[in-house]
Amino acid sequence: MNLNERLMLKCLNLAEQGGSQTLPNPLVGALLVKSGEIIGRGFHERYGEPHAEVNAIKDANNNVEGADLYVNLEPCSHYGKTPPCAQLIINSGIKNVYVGMEDPNPKVAGKGIKLMMRNGINVKVGILEKKCRELNEAFIKVITRQRSFITLKTAATLDGKIAEPNGYSKWITGEKSRRYVHKLRFLSDAIMVGGNTVRNDNPFLNVRDNKKVLNEPFKIIVTDKMNFSKQLNVFKKIDKVIFLTSENNEAQDERLRKIKRIFLPETEDGLLDFTNLDKILFENKVYNIFAEGGGMLNHSLLKYNLIDKLYIFFSNKIMGGNSSVNMFGGDTFFPLQKPFKVKIDTVEKIDDDLMIKAYPNGKY
């Protein structure tokens, strides 16, 4: 990497600290460099609060005249929750601005870059652009398509099994892989699981080991039956729970009846119809969903082609058996002559596990 790329990578690491707290805004980090030294750092910490550029300038005690600014996303040029950052940069006397990618938001879309250039600032665009786009891929889909971004993560044995016949699945992968999953959860504003996962595993569906989490993610439970015990861990904060179900289902317990429900139609075989699910979730202001489903939820997301990004963690274990739970259940079958293909992006070894990151429909 050259110097500009190394500094942009630092911006991306800063930006990531915002996690899901910035949604539906993007993840943005900024660095100010003067006389070869970093004099200011900042990132967008929370939706509605100052942007990364503002925080970096404050961190530098406003001693930024003649400095270089590095930022992974084009500075905004419009009034929203906060004033335009491009005008602040102009007023501060910054000399050069290095931008990772143009803002896909139609309200910006190059206008911030043009405004700075018209006012005598040297602007260079496209530094580590692929990495910058991946960090904000959920934001790109949300802002350009008005639909939520859905990531599916599944953990399986080498032979593709995700649970024993009775549903038991703790633990297929190692501790380091599970810590990585919590990092991915931190970037999402909702965790989606099936009803059987809640009943069998009694998960918390939270983000552990991260002090920057101000708002826990929503817990979306996909279920065609409302027979849950109110004592389950996921119901400790019912204001963060959403049932994805049909209008025919109603919880017997009064406390669970207070939980928000998003209704989906049923198919002829009694399953939930996931048509336009990403649009429905967007309309309910849930933007970046991290699905950790069992075989049936995985099947539904695959069947309706709703997986924007896929993580598969393979352990070094083999379970075997015809009755153990497959990674993708259901009756949808893709023959080898017409398979469902994904674009494998990376394969990474994590201790004794393998992590595959793939995109079923390409990158944004």
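Here's a quick rundown of the aromatic contacts in this structure. Keep in mind that the model is predicted. The pair count comes to 9 aromatic pairs, and the spotlight below is on a cluster made of F228, F235 and F243. Two charged side chains that sit over rings round things off, namely R199 over F228 and K240 over F218.

**The F228–F243 pair**
- F228 and F243 are stacked, with 5.7 Å from centre to centre and 20° between the planes.
- F228 belongs to the loop between β9 (218-222) and β10 (241-245), while F243 is in strand β10, so this pair ties together parts that are 15 residues apart in sequence.
- As for burial, F228 is buried at a relative accessible area of 9%, and F243 is buried too, at 0%.

**The F235–F243 pair**
- F235 and F243 have ring centres 6.1 Å apart and planes at 55°, so this pair counts as tilted. Stacked would need planes under 30 degrees apart, and edge-to-face would need over 60.
- Both of these residues, F235 and F243, are buried.

**Putting the cluster together**
- F243 turns up in both pairs: stacked with F228 and tilted with F235.
- F228, F235 and F243 make up one aromatic cluster.

**Charges over rings**
- R199 lies over the face of F228, 4.3 Å from the ring centre, so F228 has this charge contact as well as its stacked partner F243.
- Over at F218, the charged end of K240 sits above the ring, 4.2 Å from its centre.

Technical notes
Residues numbered from 1 in each chain as written. Predicted model: local features only at pLDDT ≥ 70, side-chain atom pairs only at ≥ 80, totals over all residues. Heavy atoms only, no water. Phe/Tyr/Trp six-rings, centres within 6.5 Å; stacked < 30°, edge-to-face > 60°. Helix = DSSP H or I, 4+ residues; strand = E, 2+ residues; numbered from the N terminus. Buried < 20%, exposed > 50% of the residue type's maximum accessible area, 1.4 Å probe, protein only. Lys NZ or Arg CZ within 6 Å of the ring centre and 35° of its normal.
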